[in-house]
Amino acid sequence: MFTPAELLDISTLLTPENKIVILTHYNPDGDAIGSSLGLKHYLRAKGIPAEVIVPNDFPKFLKWMPESKKVIIGEYKRKYAFEMISNADVIFCLDFNAPSRIGILGEWLTKAKAKKILIDHHQQPEKFDFVYSDTVIPATSQMIYHFIEAMEDENLVNQDIAECLYTGIMTDTGGFRFRSTSATTHRIIANLIEKGADPSIITSNTWDTNTVSRLHLLALVLGRIEVVNDGKVAVLSLTRNELKEYGFQKGDTEGFVNYGLSIAGVKMAAFFMEDLYDDFIKISFRSKDDVDVNQFSRKYFSGGGHINAAGGKSDESLSDTIETFKKRIEAEEV
């Protein structure tokens with residue numbers, strides 16, 4: 001958490017007169033949107049307006065959250081987003097650890113004169129004016145709750161804040177299944193429920209939203225799961241042509257990698273997908289126990305993230321990337 005002195009400095013910056021912007025990472029997920037909107041609603045409860053800006057669009061299954069449709073999407077409103085960032089007095093940087101993680105917004109953030117406040121749970125954060133970084137906490141949305149606590153504003157948590165933060169924590173913990181989910185996480189969830197977050201409604205709005213195209217793609221993936229390395233590693237994949245054939249939309253492959261990890265005996269799962277427009281392979285890694293996919297991805301696939309959840313990319317073909325991956329896991333004795 002921020003030091004008492006830092007909290008005092010931050011509180012002096014949080015005024016209605018200051019222009020405040022909230023940024024999150026490229027390809028925003030549930031925690032990115034949940035933490036950003038949760039913070040926006042908290043600031044509003046204090047009488048402080050703020051705007052959320054994301055680099056690119058986010059999945060439809062997250063657009064039920066309060067004011068999600070007012071999120072500014074940088075790739076669609078470049079000039080407006082640039083002006084907002086350039087003229088901001090305070091910029092909150094949520095769920096990313098470096099400007100390079102926010103796409104087209106990164107250069108603007110670096111040049112902005114605003115005070116920059118980082119709240120994030122990824123490893124190796126770069127320098128910001130104020131840094132609250134904790135890699136043990138499972139979701140940035142939980143960190144936003146801790147920030148509200150530290151500001152002694154728990155009484156301001158309303159239903160809008162509760163719904164957003166609950167969604168962020170739920171999605172980034174895989175429905176509270178991941179090892180990083182703690183007793184503290186569950187206590188916060190209980191508090192959010194008391195403040196108006198309805199678990200059944202949030203779960204239905206977020207996860208019970210399958211399209212026929214998503215189910216077709218899932219059927220393809222499940223039909224050719226490959227288990228290698230003595231049954232310890234699962235490999236899943238999709239080609240660009242398959243994405244096009246079934247009308248892929250952003251978010252359709254969310255969570256596919258977890259099916260590989262659900263196989264008995266599997267300690268690591270990797271999902272490889274050709275980008276729809278550019279010639280590179282997107283990779284999602286998940287693991288159990290002490291299998292560190294963050295370090296593995298950083299070492300071999302220009303990525304990173306958390307010990308048990310990380311992403312990466314490859315400029316090789318899909319087949320070559322998968323073969324390279326298999327050689328790497330043998331070398332690392334996964």
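A crossover counts as right-handed if, with the strands pointing away from the viewer, the path from the first strand over the helix to the second runs clockwise. Keep that in mind for the first stop on this tour of a predicted model.

**Stop 1: a β-α-β unit.** Select residues 90-94, 105-111 and 115-120. These are strand E4, helix H4 and strand E5, and together they make a right-handed β-α-β unit. Turn the view until the strands point away from you and follow the path over the helix. E4 and E5 pair in the parallel sense, over 5 bridges. To find the pairing on screen, look for Ile91, which stands opposite Lys116 in E5.

**Stop 2: the other partner strand.** Now add residues 130-133, strand E6. E6 runs parallel to E5 and is joined to it by 4 bridges; here Ile117 stands opposite Phe130. Is E5 mostly covered or uncovered? Strand E5 is mostly covered, with 5 of its 6 residues buried.

**Stop 3: the largest core.** Stay with E5 and pick Ile119. Beyond its neighbours within four places in sequence, Ile119 is in contact with ten residues you can light up one by one, including Phe2, Phe92, Tyr132, Met143 and Phe147. Ile119 also belongs to the largest nonpolar core, which has 50 residues; Leu43, Phe92, Ile119, Phe147 and Leu192 touch the most other members. Next, select residues 159-172: this is helix H6, which gives the most to this core, with 7 residues. Apart from this core lies another, of 19 residues, among them Phe296, Phe301, Ala310 and Ile322.

**Stop 4: an annotated span.** Colour residues 19-169. An unreviewed UniProt entry annotates this span as "domain: DDH". The span is 36% helix and 17% strand, and its end C-alpha atoms lie 27 Å apart.

**Stop 5: the open sheet.** Move along to a sheet of 6 strands, in the order E7-E8-E9-E10-E12-E11, with mixed pairing. Why is one side of E7 and of E11 left without a neighbour in the sheet? Strands E7 (226-228) and E11 (304-305) stand at the edges and each has a single partner strand, so one side of each is free of a neighbour there. Within the sheet, E8 (233-238) and E9 (268-274) run parallel, joined by 6 bridges; Val233 has Met268 in E9 as its bridge partner.

**Stop 6: helices on the sheet.** Finish with residues 212-223 and 318-332. The former are helix H9, which lies across E8 and E9, at about 135° to E8. The latter are helix H13, which packs on the sheet and touches E7, E8, E9, E10 and E12, its direction making about 160° with that of E9.

Definitions and conventions:
Residues are numbered from 1 along each chain as its sequence is written. This is a predicted model: local features need pLDDT of at least 70, side-chain atom pairs count only at pLDDT 80 or more; totals for chains, interfaces and linings use all residues. Side-chain values use heavy atoms; hydrogens and water are left out. Two strands pair if DSSP finds at least two bridges between them. Helices (H or I, at least four residues) and strands (E, at least two) are DSSP runs, numbered from the N terminus. Contact means heavy atoms within 4.5 Å. Axes are lines fitted to C-alpha atoms, for helices over the stretch in contact, and angles run from 0 to 180 degrees between N-to-C directions. Buried means under 20% relative accessible area, exposed over 50%, partly exposed in between (1.4 Å probe, protein chains only). UniProt positions are given in the numbering used here, feature names are shortened, and annotations may be inferred rather than shown by experiment. A nonpolar core is a set of buried Ala, Val, Leu, Ile, Met, Phe, Trp, Tyr and Cys residues joined through side-chain atoms within 4.5 Å.
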